[in-house]
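User: I'm new to reading protein structures. Please take me through this one, step by step.

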Amino acid sequence: MGKKIKKEVEPPPKDVFDPLMIESKKAATVVLMLNSPEEEILAKACEAIYKFALKGEENKTTLLELGAVEPLTKLLTHEDKIVRRNATMIFGILASNNDVKKLLRELDVMNSVIAQLAPEEEVVIHEFASLCLANMSAEYTSKVQIFEHGGLEPLIRLLSSPDPDVKKNSMECIYNLVQELNDLHIEALAVIANCLEDMDTMVQIQQTGGLKKLLSFAENSTIPDIQKNAAKAITKAAYDPENRKLFHEQEVEKCLVALLGSENDGTKIAASQAISAMCENSGSKDFFNNQGIPQLIQLLKSDNEEVREAAALALANLTTCNPANANAAAEADGIDPLINLLSSKRDGAIANAATVLTNMAMQEPLRLNIQNHDIMHAIISPLRSANTVVQSKAALAVTATACDVEARTELRNSGGLEPLVELLRSKNDEVRKHASWAVMVCAGDELTANELCRLGALDILEEVNVSGTRKNKFSEAAYNKLLNNNLSLKYSQTGYLSSSNIINDGFYDYGRINPGTKLLPLKELCLQEPSDLRAVLLINSKSYVSPPSSMEDKSDVGYGRSISSSSSLRRSSKEKNKKNSYHFSAGFGSPIEDKSEPASGRNTVLSKSATKEKGWRKSKGKKEEEKVKEEEEVMVVPKFVGEGSSDKEWCPPSDPDFSMYVYEVTKSILPITNIKEQIEDLAKYVAEKMGGKIPKEKLPDFSWELHISELKFQLKSNVIPIGHVKKGIFYHRALLFKALADRIGIGCSLVRGEYGRAWNEVMLQNDSRKGVIGGLPAPEMYVIDLMFHPGGLMKLRSREADLYRFI
């Protein structure tokens, strides 16, 4: 056998690269492999990148940063099926990243992705290509690209695919594409609405006819969101006067009224807001009188709080300074829903409703109608609101509706005064101003004014008015109005009562007090022991029933601390059995003597001059005179009701002498027709009751101080009824003159001066022909002399120069 010969191995060709197995652990290395010309390397690199991308968003971002997206887009059209499939799978995953989507739009790969939806492609390619399109279709620019490259048709065809993932992705993409069909106009209108806030942009839109197109969308579209956004754009444009004029010429009002009938709440709100803006145009305001207001009233009954608020805002603007629209709102039965809206959960709705009611209440018939719907009770909750706008509008509503005693009584009884007074403390200027205005209105009757004072309104207003920054004209007016219902405090603080400040029973002159000082009530002053303080002068013409017989043994005469004597009780019993012994003159509450009963039948302390007056009383013989003398020693004392109980009714000390003064001047001076003669006679009468004419040189010898001290000791009190004062100087006489003048209709003021001085001023026609106005002499101010030449009048030119020479 021959020897085996070994076959030699041929060496590889020199121009061929030996196969190399590469294992890479770096994503960057694999990304570089995407540029390889070899299909096998490309396929494996794409497979590795797909697995890497599946692991999370951070990996997708990493691939984007490494520059993998651009070479991958080229592989979407690679002729190798596996490479193409793997690249498509990668984009299905990467397209969920927003930055990747942005880059894909810039690279314009939409056509390549849509091409993968061809029927001949594998199901896997269909799945990931449709997934990529579904992710891309979430943004508007990509939607446009899908439409432009004909992507809708193949997507619809894939709805019949047997693969559920393909169906799902295709359906999601189609859904997104269909939403584009409507949203473009909606969003475009929203953009325009925002642009209209810029003046330059608004002018440009106006000049290019954009406003007319805007109106066209509102009129013609049936899509609620388009209508809503168009109405919003109209609202913003209508803040410009020129735009309002243009809209009015285009009859935008008809369109807005039609939109109020939309079934969409957002459209109703936007239309109401547009009407509010258009109200600045008077023509538009008039248009809505018959068309618009009834529809807005219906919207007040909506279940949607925002709809109710927007409708109330439109009504507030429509009725402001427009009585016709206020009437239209009432005729459309708007009062009830507006009052119901005061209990809304939205502050804006409450404030708007209060504004409409305020506008309506400017007309008396409507105000009465509003009052009949229990407005005074409904407004209390808004007054307690923590929102300053609501507080302000609610206080303004009180101002407009509490214009009569009945309404103020209802507000008082409902507890509405307390929150109103609290608003006076507000740090908000508008709230404080409107609250002051409301308090001024509510102080129009005495009971409400007294309750306001009890709640501290006077003290708060005094504090506010001291501040230079917090006070306002309404706070000052409210303070003065409250003082006018508390003349005792007004005279003590200001030292002045005008002719319109009528002194009534219960008025007392405590003397001057400094601002911020509390004036004690009359009851407390009466219960105090006499002291060296200035006497308090009391005006009171009322008579009070004497205590029951079971109390007749108590005889201490201190005011408010004891009961009257047995003689007064006997007299009371006697008077009780006399029919028509006394009656009271209308308007004055003063006793008028009956012929069958002498004046001495009352508890009186008459001066000697009073007993000399002819015709005032009849003589009843010596016994009667002795009885009078006995009873003069005991003053009428306030009664207590319910001895032994904790609830005692206190009455101020009566003043029979002053009651007689009222009766006498009513009978003798009131009938005088000449006002000057009335003043002169009343001055002489007052002087006579207070010690007569006192020459200046004898004034120091006029021992009035001793007389006042004796009265204090006798009455066991610092409070002295004015009728008891028989020796009075300037301030006694001036007060008595004012009190009597007010009873018979003589207009005069009471002015407090320094050093115990006080005087009365009256306005009289000038006797000369100088200063004639309209054929009548000009009226001038005069001061009345009650001391030196009673009845004399001095023309008041300068208080500093003339007055103190006179008094």
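Analyst: Let's start with a term: buried means under 20% relative accessible area, exposed means over 50%, and partly exposed is in between (1.4 Å probe, protein chains only). This is a predicted model, where local features need pLDDT of at least 70, side-chain atom pairs count only at pLDDT 80 or more, and totals for chains, interfaces and linings use all residues. Residues are numbered from 1 along each chain as its sequence is written, and side-chain values use heavy atoms, with hydrogens and water left out.

User: Is R512 buried, partly exposed or exposed?
Analyst: Just put its value on that scale. The relative accessible area of R512 is 46%, so the residue counts as partly exposed.

User: Which side chain does R512 meet in a salt bridge?
Analyst: A salt bridge here needs a side-chain nitrogen of Lys or Arg within 4 Å of a carboxyl oxygen of Asp or Glu. For R512, the N to O distance is 3.8 Å. The partner has a relative accessible area of 42%, so it is partly exposed. That partner is E754.

User: How many residues apart in sequence are the parts that R512 and E754 tie together?
Analyst: Helices (H or I, at least four residues) and strands (E, at least two) are DSSP runs, numbered from the N terminus. R512 is in the loop between strand 2 and helix 35 (522–527), while E754 is in the loop between strand 7 and strand 8. The pair therefore ties together parts whose separation in sequence is 242 residues.

User: Where do K51 and E47 both lie?
Analyst: Their side chains form a salt bridge too, at 3.6 Å from N to O. Both are partly exposed: K51 has 49% relative accessibility, and E47 has 40%. They are four residues apart, about one turn, and both belong to helix 2 (residues 39–54).

User: How many salt bridges does a search of the whole structure find?
Analyst: Some of them join up, as in the network that links K81, R85 and E122. Searching the whole structure gives a total of 29.

User: What is the strand order in the open sheet of five strands?
Analyst: Strands count as paired if DSSP finds at least two bridges between them. The pairing in this sheet is antiparallel. Strand 1 (496–497) and strand 10 (793–795) are the edges, each pairing on one side only. Put together, the order is 1-7-8-9-10.

User: Which residue of strand 10 stands opposite Y782?
Analyst: Strand 9 and strand 10 run antiparallel and are joined by three bridges. The residue in question also makes a salt bridge with E780, 3.1 Å from N to O. That salt bridge links strand 10 with strand 9 across 15 residues of sequence. The residue opposite Y782 is K795.

User: Which residue of strand 9 stands opposite L764?
Analyst: Look between strand 8 (residues 758–765) and strand 9 (residues 779–784), an antiparallel pair with five bridges. L764's opposite number is partly exposed at 23% relative accessible area. It is E780.

User: At about what angle to strand 8 does helix 42 run?
Analyst: Axes are lines fitted to C-alpha atoms, for helices over the stretch in contact, and angles between N-to-C directions run from 0 to 180 degrees. Helix 42 (residues 730–743) lies across strand 1, strand 7 (749–752), strand 8 and strand 9. Its angle to strand 8 is about 45°.

User: Which strands stand at the edges of the open sheet of three strands?
Analyst: This sheet has the order 2-3-6 and mixed pairing. The edge strands each have a single partner, so one side of each is left without a neighbour in the sheet: they are strand 2 (508–509) and strand 6 (719–721).

User: Which residue of strand 6 is the bridge partner of L538?
Analyst: Strand 3 (residues 536–538) pairs with strand 6 in the parallel sense, over three bridges. Within that pairing, the partner of L538 is P721.

User: How many residues does the largest nonpolar core have?
Analyst: A nonpolar core is a set of buried Ala, Val, Leu, Ile, Met, Phe, Trp, Tyr and Cys residues joined through side-chain atoms within 4.5 Å. M360, V398, L420, L452 and L482 have the most contacts inside this one. Another core, of 52 residues, lies apart from it and includes A535 and I784. The largest core has 104 residues.

Key:
Contact = heavy atoms within 4.5 Å.
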